[in-house]
Amino acid sequence: MVMQKECSAEKKEKKTTRKVANMILYIFLTIGAAGFLVYYFNPAFGSRNNEGKLRELQKSNNFKDGKFQNLVETNMSMSRSDRNFFELLREFYFSDKLKRSPQEPLPNLSLDKEIYQKEEIDDFLVTWLGHSILLIKSGDKTIIVDPVFSKRSSPFEFLGPKRFPYEREYELTDLPKIDIVLISHDHYDHLDYKSIIELKDRVEKFYVPLGVGAHLLKWGVAENKITEFDWYEKSSFGELGFVFTPTRHFSGRGLNDRMATLWGGWIIQNNEKRIYLGADSAYFKEFKKIGEEFGPFEIAFIESGAYNKNWPDVHMFPEETVQTAIDLKAKILMPIHNSKFDLSLHPWKEPLERVSEEASRRELMLASPMIGESFFSNLEIPQKHWWVDLE
């Protein structure tokens with residue numbers, strides 16, 4: 001009798017275990033199916049290149065083994081030393097964020113559209129709109145670099161790094177007429193689906209890295225508006241010349257497309273004057289080569305922000321930002337890639353503090369305009385440390 005009860009209890013226990021296992025499996029399958037549907041039907045993820053385009057990409061010297069390669073060996077692991085990726089992820093999402101984001105709306109200026117109405121400008125007129133968003137006019141062309149006007153740096157409206165609050169929020173309707181969109185690479189804080197959707201019928205040209213055109217085509221940009229560039233490829237539009245240059249970084253928007261598209265920085269030339277538009281990059285010696293071949297530059301816009309000791313091969317530290325400007329033979333350095341999104345573990349204004357200190361030590365002129373402030377690169381450069389008294 002006792003043995004029968006034990007067998008009955010054992011059967012019940014096995015039945016319960018199977019139910020729990022089936023329930024867990026069902027939950028995982030449901031989550032997986034939901035994730036697949038979100039990924040498949042969410043246009044913000046962009047598109048992979050088709051077989052014909054892949055054959056074309058394979059002609060690039062920088063495309064090997066089914067993906068693009070950095071010029072130097074690059075470790076893209078997001079964890080170093082004694083910490084694994086999940087520990088880093090936990091720290092990113094659950095650590096004290098008080099200093100990683102401003103505690104009040106950042107002071108900024110309304111965009112001065114009238115100054116962009118001038119028919120032609122011999123110099124470079126520049127307005128920084130936070131992070132890597134730059135509005136530039138030279139000659140009779142107006143350019144916007146890496147326009148991201150969504151509320152989050154993410155394919156989702158409810159998840160991902162949210163933009164910092166500004167005293168005056170910028171909308172795409174605030175922009176003057178745009179002739180050219182320059183894209184550095186396809187990460188969400190540089191290539192924004194909603195912004196491209198709103199700009200696609202208002203812009204003449206989209207200059208993008210190799211492979212990025214597939215995203216734009218999926219989003220409805222006309223094919224004849226898109227020009228793709230390999231490293232050191234050149235083009236011109238009106239009086240302006242463009243060169244796409246290497247950086248040390250990576251790309252990818254989806255689950256399995258890391259390095260399926262190229263990444264890089266831009267040179268814009270008007271007559272004998274040149275500016276350098278850096279994007280995400282770790283420091284590497286190619287900057288010196290760029291400076292020797294194309295420099296000197298009137299001004300170099302180089303990232304200072306989103307760095308961390310766990311990913312030194314894909315983002316540079318502020319002190320390296322200054323060295324990069326020196327390698328490029330830039331007369332003026334303007335730090336970008338900060339003051340808009342919380343993308344690392346450092347305090348939000350630390351990149352500006354450190355790059356300012358190092359530029360002063362190295363006797364390099366630093367441009368530090370307020371967000372939304374317009375200036376000409378050959379006139380008085382804004383140098384007020386607007387962030388000092390902010391929390």
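How many nonpolar, polar and charged residues does the lining of the largest cavity have? In this predicted model, the lining of that cavity has 6 nonpolar, 7 polar and 2 charged residues. The report below places this cavity beside the other enclosed and open spaces, and then turns to the sheet and to the salt bridges.

## Cavities and a pocket

The structure holds 3 cavities of 30 Å³ or more. The volume of the largest cavity is about 110 Å³. Its lining comprises 15 residues, and those nearest the centre are A306, F341, D342, L343 and H346.

The second largest cavity encloses about 50 Å³ of space. Its lining is made up of L129, I133, V148, F149, R163, Y166, E169, Y170 and K340. By class, 6 of these lining residues are nonpolar and 3 are charged, with no polar residue present.

Among the open spaces, the second largest pocket holds about 400 Å³. It is lined by 22 residues, and S150, K151, E157, D192 and K194 are the closest to its centre. The lining of this pocket divides into 9 nonpolar, 5 polar and 8 charged residues.

## The seven-stranded sheet

An open sheet is formed by 7 strands in the order β8-β7-β6-β5-β4-β3-β16, with mixed pairing. Its edges are β8 (226-229) and β16 (374-376), each of which pairs on one side only. On average, neighbouring strands of this sheet are turned by 20° against each other, with direction ignored.

Two of the strand pairs illustrate the mixed character of the pairing. Strand β3 (residues 121-128) and strand β4 (residues 134-139) run antiparallel and are joined by 5 bridges. Within this pair, T127 has L135 in β4 as its bridge partner. Strand β6 (residues 180-182), by contrast, runs parallel to β7, and 3 bridges join the two. Here I180 stands opposite K205 in β7.

Is strand β7 (residues 205-209) mostly covered or mostly open? Strand β7 is mostly covered, as 4 of its 5 residues are buried. As a general point, side chains in a regular strand alternate between the two faces of the sheet.

## Salt bridges

The structure holds 18 salt bridges. Three of them are set out here with the distance between nitrogen and oxygen.

| Salt bridge | N to O distance |
|---|---|
| E228 and K53 | 2.6 Å |
| D123 and K273 | 3.7 Å |
| R361 and E358 | 2.9 Å |

The side chains of E228 and K53 meet in a salt bridge. This pair links distant parts of the chain, with E228 in strand β8 and K53 in helix α2 (residues 51-57), 175 residues apart. E228 counts as buried because its relative accessibility is 18%, under the cut-off of 20%. K53 is also buried, with a relative accessible area of 18%. The contact therefore joins two residues that both count as buried.

D123 and K273 likewise form a salt bridge. D123 lies in strand β3 and K273 in strand β12 (residues 273-277), so that this pair, too, links distant parts of the chain, 150 residues apart. What is the burial state of D123? At 5% relative accessibility, D123 counts as buried. K273 counts as partly exposed, because its relative accessibility of 26% falls between the cut-offs of 20% and 50%.

The salt bridge between R361 and E358 lies within a single helix, α8 (residues 350-361), where the two residues are 3 positions apart and therefore separated by about one helical turn. R361 counts as exposed, since its relative accessibility is 60%. E358, at 10% relative accessibility, counts as buried.

Salt bridges that share partners also join K53, E56 and E228 into one network.

## Links between the elements

Several of these features meet in the sheet. Edge strand β8 carries E228, the partner of K53 from helix α2. Strand β3, which is joined to β4 by 5 bridges, carries D123, whose partner K273 belongs to strand β12. Both salt bridges thus connect a strand of the sheet to another part of the chain, helix α2 for E228 and strand β12 for D123.

Terms used: Residues are numbered from 1 along each chain as its sequence is written. This is a predicted model: local features need pLDDT of at least 70, side-chain atom pairs count only at pLDDT 80 or more; totals for chains, interfaces and linings use all residues. Side-chain values use heavy atoms; hydrogens and water are left out. On a 1 Å grid over the protein atoms alone, a cavity is a set of points where a 1.4 Å probe fits but cannot get out, and a pocket is an open set with protein on both sides within 12 Å along at least five of seven lines; lining residues have an atom within 4 Å of a point. Grid points are joined across faces, edges and corners, and a volume is the space filled by probe spheres set on the points. Ala, Val, Leu, Ile, Met, Phe, Trp, Tyr, Cys and Pro count as nonpolar, Asp, Glu, Lys and Arg as charged, and the others, Gly among them, as polar. Two strands pair if DSSP finds at least two bridges between them. Axes are lines fitted to C-alpha atoms, for helices over the stretch in contact, and angles run from 0 to 180 degrees between N-to-C directions. A salt bridge is a side-chain nitrogen of Lys or Arg within 4 Å of a carboxyl oxygen of Asp or Glu. Buried means under 20% relative accessible area, exposed over 50%, partly exposed in between (1.4 Å probe, protein chains only).
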